[in-house]
Amino acid sequence: MGSLAAVLRHPDDLYPLLKLKMASRQAEKQIPPEPHWAFCYSMLHKVSRSFALVIQQLGTDLRNAVCIFYLVLRALDTVEDDTSIPTDVKVPILIAFHRHVYDREWHFSCGTKEYKVLMDQFHHVSTAFLELGKGYQDAIEDITKRMGAGMAKFICKEVESIDDYDEYCYYVAGLVGLGLSKLFYASGTEDLAPDSLSNSMGLFLQKTNIIRDYLEDINEIPKCRMFWPREIWSKYVNKLEDLKYEENSDKAVQCLNDMVTNALMHVEDCLKYMSALRDHAIFRFCAIPQIMAIGTLALCYNNIEVFRGVVKMRRGLTAKVIDRTNNMTDVYLAFYDFSNILKPKINKNDPNATKTLSRVEAIQKACMDSGVLNKRFVKVSKFYKQLSYFSSYWPLFSLTSLPPEQASSRITTIFNLLPGPSIVRPIKCLP
Ligand code: D61
Ligand code: MG
């Protein structure tokens, strides 16, 4: 659970945290009896607590398919990420991985901790894979084949241009989006989403990871991994690793802001993708990671800590997102509010200030144009609930700790959503 200090600072995190803890206990209890499925579900919980929880809520057939899809790709990624494997060993494994899933005897030991267990006992994953319906198997095989080939291509190639960056992210995450859309369609509840929107869902998540994980990737032993495109970082420093040195702090933050602005390009597509979903469990499964991503970008923007350590949303905030994401109104509100947290952090001297601001404003316009925010704010009682929820989303930017000019702009934007001018006036004296 969240640390005691964090909970004391954010007492309203406590209820969602407890609820999350109970849901996670419940999910662990529901682990199936067959040893291969038991292995797969307990592995899923170990390697990704957040994805495990939302996957657990899907209907049985789709849940099993998504669980295996996740573990197969996580295993493929463990091979890709292990920098101690020589290239001539790694590349053929990546390329043939889609065939290994049909072979119960196959395994390759690599990775560390829980990832090593996944690799050593991969036969449980292939056994479970072979029990899935043919439609699910074909979709998983196809994506694994294309992702493995793409990863192999980038083992020998650096991410130079922004096009390379988009291409790499397409292989490792956009394809997951395409595969998931196919699985949702095969489950019978959803229309088949356009590939470009499915790709954006993956790109937005992957780019957020790449931005957040700068330090971890650059410090990777025995070899560093670099995913930030040269076309962006070369505007600020001579070598990507120079960003982590204190003397380059100003340039580093400008480069980071450039990267965040690039990631924000995908938001409108993601909103469009999510707004077409019908099934509540599928909706939550897709929307929760997206809200976490916009929250992480708002936290990382203009934040030198990205180059010093791990910048992560606090656990209580994650619990709140999981608890309170149920429909598109919740998504628009979260995107609106997190963009509003990013907005006052834009420094007018930043080389991309105008571009970032217009991105943020375009996102906010998309949220407003949906029409659902106005309707929600007509109900004042609900509004107050929302106000307390979103103002407590953020530890550093709670209404009381913001500098007065930022706090008033934040309160004004929230209040401006209300119909009628009467409630706008009292705000001026708040900070
Ligand atoms: C809707 C819902 C979930 C979605 C989606 C649409 C579209 C795409 C994705 C999830 C995938 C987003 C990946 C973002 C996190 N990045 C990674 O995990 C990196 O590895 C990429 C290759 C393996 C992908 C494994 C995966 C991830 C999420 C899934 C899934 C498969 C299958 C089903 C559902 C979700 C990253 O991993 C290292 C790390 O962050 O620990 C890397 O190596 O770059
Ligand atoms: Mg990887």
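This passage describes the surroundings of two ligands and the backbone at three positions in a predicted model. Local features required a pLDDT of at least 70 and side-chain atom pairs a pLDDT of 80 or more, while totals for chains, interfaces and linings used all residues. Residues are numbered from 1 along each chain as its sequence is written, chains are lettered from A and ligands numbered from 1 in the order in which they are written, and side-chain values use heavy atoms, with hydrogens and water left out.

Ligand 1 is surrounded by 18 residues, of which Arg74, Asp77, Asp81, Gln206 and Asn209 come nearest; a residue was taken as near if one of its heavy atoms lay within 4 Å. Polar side-chain atoms of Arg74 and Asp77 lie 2.7 Å and 2.9 Å, respectively, from an oxygen atom of the ligand. For Asp81, a side-chain N or O atom is 3.0 Å from a ligand oxygen. A polar contact is a pair of N or O atoms within 3.5 Å. On its own, ligand 1 has 820 Å² of accessible area, and the protein covers 90% of this (Shrake-Rupley method, 1.4 Å probe). Two or more residues of the shell come from each of helix 5 (60-81), helix 10 (162-186), helix 11 (195-212) and helix 16 (280-300); helices are DSSP runs of H or I with at least four residues, numbered from the N terminus. Helix 5 contributes the most, with six residues. The shell comprises eleven nonpolar, four polar and three charged residues, where Ala, Val, Leu, Ile, Met, Phe, Trp, Tyr, Cys and Pro count as nonpolar, Asp, Glu, Lys and Arg as charged, and the others, Gly among them, as polar.

The magnesium ion (ligand 2) is coordinated by Asp77 (OD), Glu80 (OE) and Asp81 (OD) at 2.0 to 2.2 Å. Donors are N, O and S atoms within 2.8 Å of the metal (3.2 Å for Na, K and Ca); water is not among the atoms, so the site may look incomplete. The donor spacing in sequence is D-x2-E-D. Because Asp77 and Glu80 are three residues apart in helix 5, about one helical turn separates them. Both residues are buried (under 20% relative accessible area; exposed is over 50%, partly exposed in between; 1.4 Å probe, protein chains only).

Most residues other than glycine have a negative phi, and most peptide bonds are trans. Ile221 and Pro222 are joined by a cis peptide bond with omega about 5 degrees, and Pro222 is in the loop between helix 12 (214-218) and helix 13 (230-233). Lys113, in helix 7 (residues 113-120), has a positive phi of about 45 degrees and is exposed, at 66% relative accessible area. Asn302, in the loop between helix 16 and helix 17 (315-324), has a phi near 60 degrees and is partly exposed, at 33%.

How values were computed
Polar contact = N/O pair within 3.5 Å; in protein donor to acceptor, adjacent residues only side chain to side chain.
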